[in-house]
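Here are my notes on the model you sent over, as numbered points. Have the structure open while you read.

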Amino acid sequence: MSQQPFILFFSDSYLQAQRLAHSCALPFAEIIVHHFPDGESKLTLPVELSDHVIIYRSLDHPNDKLLEVLLVACELRDKGVETLTLITPYLCYMRQDKAFNPGEIISQRAVGQLLAEHFDAVMTVDSHLHRIHSLEQAVPARIALNLSATKPIAAFLQELFESPVILGPDSESKQWVEAIANAMSGNAPEYCVSSKRRVNDINVEVTLPAFDFSNRHIVLVDDVASTGRTLEQTAYAVAKHGPASISVVVTHALFVNNALQRLYKAGVDTIWSCDSITHSTNNIALDGVFKDGLTHCIQVLDSE
């Protein structure tokens, strides 16, 4: 086996994985997937591998993707691969970090432990961590990195706006709003955060902060947009104040249940996302973030 790290990717992440491989000057190959009529997967790996294999796959739609990733990891170990790294730009099952009701399974702990058993290093970006301080607490692997998309988002917004207002839709988004504003060069843009009351899984109530939004370019920022209900209600509230424009930028573009259509209807002019999940709104590449993280990861693993 070669000692140079080797990147394996699935077809749903081929653009992102190939950009990362090229930027790191690493060899790469696709994992071939065939689905049988009953839904089972047949996976085929390249014959020539390396002592250190990096699997690149975002884990949106996790009930399908996660099992395939684990099957690959098991086969690579059987083939004698010494070091396995998982780069998963969107890490699934992180939101359920406590039992909110009797009998509920804490999926964050279960999935984190499962990944740590198969991988030496796990790397993600803007993971949904709100009651713990580091990814290592959820994924007890030798290395667990929760990278940030705030710098590429800030650079992207810097090219578009001179003095936008960065608005977080709820208190949980404050860390991203503040970090993005601080990362923008020149005069740091103004930023503020709304408050949210969740009625149920679908409905939320949003209260805007005391701020003059009229004739300003408002950028709503969040780590993940799933149903988009919080962003939608925030946009409706902001639209009543006569802003110059309303934009949305998120790290992870899930956008389920007609979320895009509802956001545009609420008054949003433009929606952008990072390429952590392949989506039509992708405008912000994360290969630079993962290159830095992977370089650090390889150095640490090689030194042990």
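1. The residues lining the largest cavity of this predicted model divide into six nonpolar, one polar and one charged. They are Y90, L91, C92, Y93, M94, R95, H128 and V224. The space inside the largest cavity comes to about 60 Å³.

2. How many cavities of 30 Å³ or more does the structure hold? There are two. The second largest has a volume of about 40 Å³, and around it you'll find Q16, L20, Y56, D275, L286, D287 and F290. Two elements, α1 (14-24) and α9 (287-303), each give two or more residues to that lining. Sorted by class, the lining of the second largest cavity has four nonpolar, one polar and two charged residues.

3. Now for the largest pocket, which has a volume of about 900 Å³. Its lining takes in 24 residues, and R95, H128, E172, K196 and R198 lie nearest the centre. The elements giving two or more residues to this lining are β11 (195-198), β13 (217-225) and α7 (229-239). Which of them gives the most? That's β13, with four residues.

4. What is the make-up of the pocket lining by class? Eleven of the residues lining the largest pocket are charged, eight are polar and five are nonpolar. Two names from the pocket centre, R95 and H128, also turn up in the lining of the largest cavity, so to speak of one site is to meet residues of the other.5. A word on confidence before you lean on any of this. The protein chain has a mean pLDDT of 92, and 97% of its residues reach 70 or more. Where is confidence lowest? It is lowest in β11, at a mean of 78, while strand β15 (residues 270-274) has the highest, at 98. Keep in mind that β11 is one of the elements giving two or more residues to the lining of the largest pocket.

6. On to the fold. The chain has nine helices and 16 strands. Six of the strands make an open sheet with parallel pairing, in the order β2-β1-β5-β6-β7-β8. Because β2 (28-30) and β8 (143-147) stand at the edges with a single partner strand each, one side of each has no neighbour in the sheet. On average, neighbouring strands here are turned by 20° against each other, direction ignored.

7. At the β2 edge, strand β1 (residues 6-9) runs parallel to β2 and is joined to it by three bridges. If you want a pair to look at, the bridge partner of F9 is E30 in β2.

8. There is also an antiparallel pair, made by strand β3 (residues 32-35) and strand β4 (residues 41-44) over four bridges. Which residue of β4 stands opposite V33? It is L43. The hairpin of β3 and β4 has five residues between the strands, and G39 takes a positive phi near 100° there.

9. Last, overall dimensions. A compact globule of 304 residues would have a radius of gyration near 19 Å, and the chain has 20 Å, which agrees. Taken along the principal axes, its C-alpha atoms fill a box of roughly 60 × 50 × 35 Å.

Conventions: Residues numbered from 1 in each chain as written. Predicted model: local features only at pLDDT ≥ 70, side-chain atom pairs only at ≥ 80, totals over all residues. Heavy atoms only, no water. 1 Å grid on protein atoms, 1.4 Å probe; cavity = no way out; pocket = protein on both sides within 12 Å on 5 of 7 lines; lining within 4 Å. Points joined across faces, edges and corners; volume = space filled by probe spheres on them. Nonpolar A, V, L, I, M, F, W, Y, C, P; charged D, E, K, R; others polar. pLDDT = per-residue confidence, 0-100. Pairing = 2+ DSSP bridges. Axes fitted to C-alpha atoms, helices over the stretch in contact; angles between N-to-C directions. Rg over C-alpha atoms; globule rule 2.2 N^0.38 Å.
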